[in-house]
Amino acid sequence: MIPKIILGKGPHATRRTIGYLFGKGRANEHTDPHLVASWNGFAPDPGRSPHRPQKEVEAQLAAQLDQPVKMLGDKAPKYTVWHCPVRAAPEDPILTDTQWAEIARRMVAAAGIAPDRDEEACRWVAVRHADDHIHIAATLVRQDGRRPERGYDQRAVQREARRIEADYGLRRLKQGDGTGAKRPTSKEHFKAKRLGQDAATRDVLRLRVRRAVAAAADETEFFALLKATGVTVRLKLGPSGDALGCNFALPKDTNDKGEPVFYAGSTLAPDLSLPKIRKSLATSSPEPVTIRPGDPWHQATAATERIPHHLTHGDDPTAQGQLVALGATLDLLPITAPVTARAELEQAAVAFERATRSRIAADLDSTRVLRRSVQAIWRERPSDGDGSGFAMLLDTVLTAVAFAMHWHRTHQHAQQQAAAEQALIHLQIAYAQVAEPVLTGLAQRTPSIQMKRRFAHHLQQAAPQHAERILNDPAWDALTTVLAEAETAGHNAATVLDQALGQRTLDDAHSPARALTWRIRRLGERHAPGPRAQAARVRSATQRAAAPIHPAATTPPPQAPPARRR
């Protein structure tokens, strides 16, 4: 159940609100509008007065609601109307008028508009014109001339909504922390439908602006990307001429005068104000980190693989920063993904957006390498051969999102945890679409039986606690293929396998063989073999198959320097 508070002002605010509630709606969506409750139980009902003109009854009702406001004259408050739509979830049962009436009384009591048994409280009505929601309209002067005590009323009605959900057996929404993005209004949804859009303009803009932030290296490129994606930008300039804020619009979304309807960045999402966008873009600037030349797929995968460590061992600001970078990665993944996986990845990015924000301020310094490597993939579109580069990255993203869900759970971020959980479902579907063809292709190139036995022997010695699971894993054949390919490239298979086993525990891996396949593929391609490894290339296949593996047979490939914590 979702309540939302809207304040109205002006001499005709009450009359306008009542006229809308009892009208046909902007898309003729209102059906049988009528009162279900009121402050005194017998207010005039424009929807149930067949012997009088409806407009006349609407005027009478508005006048009665406005009476305490008019008594104050010039001392009346600026905002005089409190309007609160309360909507049930689509899967909820249809409630009766009596049930909605009780819900309305609980809402106005929780908000401080009309506390229980307060005969001098504000005047209010609850109007129903659809099966799934009501509108509560009240005037913001009590009948004794005082102002209502409605501090933090938005939080109060949300808390009451959670109790109502439990009492009526409705869908239980998660308690928020005030960092969620603003939801589209009913008006915005109907307008989107009229314009032929799949989503409300607010949601379309949020996605496009977030993608531009994720992809841009600086502010100039950010605005260029928005223009390229059809977003109109209007800057708010200070006296010095510097941009202090920015508003966004879609060309087709116009008002009655044919002018674009602009949305401030901060109303799209709390982290899309211009100052916060600039803070995010600062992590993409050339200083102070330089990424070594290399395969962007491997660099992005390695950086994503470190996110679970930051979430489990880092401080809260660092962990929150990692979640921001993970969200930016998800924003760009659909653009570079195979066509079959794009729809699920789009939905994963939209879902995880809510998991990127909390009351904890994000430290973005440790996110530079990840952001730049993902940007490099987006810019350069590096060759990905059989698709294993994308599959490797997606595998680490899947793990990172699972850790994000756990991190939010431990911090009691209910909405963020639910968002990460929803994103995980879409990612798992996308991963199956991407990884299965790659793993199947690798399995078809599986090495000889003798070589597979040799790999199995070392696995049993190096990781006896995981050996049985790995050997029975459907991805075992793919794992033996990448081990064989690493040998062909001049690496020692035992050394590479040991390194892969030591990177992170396999205890929580759904498919340990699959996890090792991506690790070994990356290790085998990331580092150039040393001289002794080069000499190993000339060994015959017969000698490799017959000889047991000795970990010290060759010099291990040089390791990249450890990532610096920032």
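## Salt bridges, cores and packing in the predicted model

In this predicted model, Asp203 is partly exposed, its relative accessible area coming to 25%. That value falls between the cut-offs of 20% for buried and 50% for exposed, so Asp203 lands in the middle class. Arg206, on the other hand, is buried, at a relative accessible area of 10%. These two residues form a salt bridge, with 2.8 Å between the closest N and O atoms. Both partners sit in helix H6 (residues 201–215), 3 residues apart, or about one turn of the helix. The spacing fits the usual geometry: an α-helix has 3.6 residues a turn, so residues three or four places apart point the same way.

Stepping back to the whole protein, the secondary structure adds up to 23 helices and 9 strands. Along the principal axes, the C-alpha atoms fill a box of roughly 100 × 55 × 40 Å. The protein has 566 residues, and 50% of them count as buried. Its accessible surface is about 27,100 Å², with 53% of that belonging to carbon and sulfur atoms. Of the contacts between residues at least 6 apart in sequence, 74% join residues at least 24 apart.

What about the other salt bridges? The structure holds 34 of them. One pairs Arg128 with Asp97, again with the closest N and O atoms 2.8 Å apart. This pair ties together distant parts of the chain, as Arg128 belongs to strand S5 (residues 124–128) and Asp97 to helix H3 (residues 97–111), 31 residues apart. Arg128 is buried because its relative accessible area, 8%, is under the 20% cut-off. Asp97 comes out at 31% and therefore counts as partly exposed.

Another salt bridge joins the side chains of Glu353 and Arg357, at 2.6 Å from N to O. Here both partners, Glu353 and Arg357, are buried. Glu353 and Arg357 also belong to one network with Arg210, Asp271 and Asp331, held together by salt bridges that share partners.

Arg357 turns up again among the neighbors of Gln416. Gln416 is found in helix H16 (residues 414–443). With a relative accessible area of just 1%, which is under the 20% limit, Gln416 is buried. Leaving aside residues up to four places away in sequence, Gln416 touches Asp177, Thr179, Arg354, Ala355, Arg357, Ser358 and His408.

Now for the nonpolar interior. The largest nonpolar core has 102 residues, and the members touching the most others are Phe222, Phe248, Phe352 and Val401. The helix giving the most to this core is H15 (residues 388–410), which supplies 13 residues. A second core, separate from this one, has 42 residues, among them Met107, Ile136, Ala138 and Ile164. Back in the largest core, Phe222 is in contact with Val209, Ala212, Val213, Ala216, Phe248, Ile277 and Leu281, again not counting residues up to four places away in sequence.

Phe248 lies in strand S8 (residues 243–249), which runs antiparallel to strand S7 (residues 232–237), the two being joined by 6 bridges. Within this pairing, Leu237 stands opposite Ala243. S7 and S8 make a hairpin with 5 residues between them, and Gly241 in the turn has a positive phi of about 95°.

Two helices illustrate how segments are covered. Helix H12 (residues 316–336) has 21 residues and spans 31 Å from first C-alpha to last, close to the expected 30 Å. H12 is mostly covered, with 17 of its 21 residues buried. In helix H1 (residues 13–21), the buried residues are Ala13, Thr14, Thr17, Ile18, Gly19 and Leu21. These pack against several elements: strand S2 (6–9), helix H2 (54–72), strand S4 (79–87), S5 and strand S6 (133–139).

Finally, just past H6, Ala217 occupies the loop between that helix and helix H7 (219–228). Ala217 has a relative accessible area of 24%, over the 20% limit for buried, and so counts as partly exposed. Its C-alpha atom is separated by 8.4 Å from that of Arg372, although the two residues are 155 apart along the chain.

Definitions and conventions
Residues numbered from 1 in each chain as written. Predicted model: local features only at pLDDT ≥ 70, side-chain atom pairs only at ≥ 80, totals over all residues. Heavy atoms only, no water. Helix = DSSP H or I, 4+ residues; strand = E, 2+ residues; numbered from the N terminus. Expected span 1.5 Å × (residues − 1). Buried < 20%, exposed > 50% of the residue type's maximum accessible area, 1.4 Å probe, protein only. Core = buried A, V, L, I, M, F, W, Y, C linked by side-chain atoms within 4.5 Å. Contact = heavy atoms within 4.5 Å. Salt bridge = Lys/Arg side-chain N within 4 Å of Asp/Glu carboxyl O. Pairing = 2+ DSSP bridges. Areas by Shrake-Rupley, 256 points an atom, 1.4 Å probe, with all protein chains shown as cover.
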